[in-house]
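Work through the exercises below with the sequence and the model open. Each task is followed by a worked solution.

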Amino acid sequence: MPTQATDASAHGPNGASHARGRTTMDRARARARRAPLLPALVFLIIVTQLPFVATVVISFLRWNALAPENRGLAGFDNYRAVFTDPALRSSVGTTILLTVTVVLVSLLLGLGIALLLDRGFRGRGIVRTLLITPFLIVPVAAALLWKHALFNTSYGFLNGVLTWLWSLFGSDSPPQPDWMTSTPLAAVEVALIWQWTPFMMLILLAGLQSRPADVVEAALVDGASSFDIFRYLTLPHLRRYLELAALLGTVYVVQNFDAVFTLTSGGLGTANLPYTIYQTFYQAHDYGRASAQGVVVLLCSLVVATFALRSVSSLLREESVR
Amino acid sequence: MTRVPRAARRLPAPARRRRRTSAYLSLLAWLCGLLFFLPVAWMVLTSLHSETDAATNPPSLGASLTLHGYREFFGEGSGISPWPPLINSLTASLVSTLLVLALAFPAAYALSIKPVRKWRDVLFFFLSTKMLPLVAGLLPVYLVAQHTHLLDTIWLLVILYTSMNLPIAVWMMRSFLAEVPVEILEAASIDGAGLATTLTRIIAPITMPGIAATALISFIFSWNELLFARVLTGVVAGTAPVFLTGFVTSQGLFLAKVCAAATVISLPVIAAGFAAQDKLVQGLSLGAVK
């Protein structure tokens, strides 16, 4: 990989020069190297990192937009409120449940479909395109589609199909469940799984196709069964891709707002953390508490992010070895 | 997975069985594809039905087609034009994408071709910003925007979308730039090409497909964004997704209209996604998967 080569040449001159006294020329060269990077870096720090710092500061303040004159230090009051607030505690639970379900199910479905697509068959390109489409529907549009066109009790597609099936067997009293009120969280999950399975599938398919073909062929010649090949060759090779897909999926699904907002408006126990922050901020105007919630979310994400970063970094290293 | 010789008519029993399994698996793959596509197909079909045909149970598949839903979406009945939000979305997505490219391209150069010291750490810093939910910084952004009179303007969204997509773009472009042959760059530097010349005249043409894919993915994410647009814009700068959320009324039938709206608003993303299909994985996995 060229990066390795350039990397070596980049450190070469520095290593050769005296380690102690870096010359002016070295410093100028380092500055010239840094120059193209700085605009992006500075922009990103200002727009994404400074707000976090501000959030941490505000989280220790007593500050409600409806009572702006009563502003002052609050110590850990906001955090106490956050952790004793049953709504927030349940939204933490909801977030975990929602994320784990969506990521696991779409990962398994994605793996199955990727395995199916890894074989050559007629119309493979078309099937791949069909499968990607759900991911390319604007999330709000997808949520609206599920809510009104598919889940709706009286004229949704799902209940329409039930009516059909039942009438096939001569029954005119088909079950017409109210999907959105009887199983609200599952409804959100189904809509999200539908959108995220293609994402998992794409990453896993790329992983499958990077699997060295000769090893599999050798195993086939040696009389290995398809299951053995899957268990001992494919799965170990896919491990990193599975990790990466799961972690990136987690990062995106944890932050999901659109589906919860559109499908259930956070009602019936479906409010996740982003939605709860939105609500506190948008409706309650309690800046201090909203910020404390933000900090809690931030810390939770930091844990997930650490794992995700480690996984990406191991992939990156593997790539440079190749 | 198994390669069966084409002309073999009398195959041994296991091979014949394997061939039959293979046919079933292909069928299963097709079924999966169709099943996942079904909701989209249903959305498009419903958008072409009249409101009464759209709201029947069981669904009326063969009902006559009409563009009524689309005419409604474009404001025939209500007089509310969808063009301002669509143009807002387009402006915010396009301008932020251009900004992303302008910032990410040189940065990717400084992280791959002539890497700064500790380029790995910088790269991971970029990535970590993507993993922390921006919603946690929403309030300060809102307050600053209020003071600087940026609330309910496209420019605020442009800034936020740029920062949202910049890490992805840097990672993607880095992986594309890393593939540029070193010899070409050496030749350029011997010929005395400066940084700007190298970037625009040598690297950009070689990595054009990668740049295009980066642009498309950045465009898709900006176009889709709802949370910030919803909180930080109002009547003036509302984007298409925000418009879509306000589209559902509690009275009367609206299913065909909503499906038409969802279809129209998704069209740019579907087009961009199909155009970037091959590079989509690389973008979504931040360049870690090729």
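**Exercise 1.** Place Leu220(A) in the secondary structure and classify its exposure.

Solution. Leu220(A) belongs to helix α11 (residues 213-221) of chain A. Helices are DSSP runs of H or I with at least four residues, strands are runs of E with at least two, and both are numbered from the N terminus. Next, count neighbours: 15 other C-beta atoms lie within 10 Å of Leu220(A), so the residue is partly exposed. The cut-offs are 20 or more such atoms within 10 Å for buried, 12 or fewer for exposed, and partly exposed in between, with C-beta atoms placed from the backbone.

The model is predicted: local features need pLDDT of at least 70 and side-chain atom pairs count only at pLDDT 80 or more, while totals for chains, interfaces and linings use all residues. Residues are numbered from 1 along each chain as its sequence is written, and chains are lettered from A and ligands numbered from 1 in the order in which they are written.

**Exercise 2.** Find the separation of the C-alpha atoms of Leu220(A) and Ser91(A).

Solution. Along the chain, the two residues are 129 residues apart. In space, their C-alpha atoms are separated by 50 Å.

**Exercise 3.** How do strands β1 (residues 61-64) and β2(A) of chain A run, and how many bridges join them?

Solution. The strands run antiparallel and are joined by three bridges; pairing requires at least two DSSP bridges. Opposite Leu61(A) stands Leu73(A) of β2(A). A hairpin of two residues connects β1(A) to β2(A). Finally, check burial in β2 (residues 67-73) of chain A: of its seven residues, the buried count is zero.
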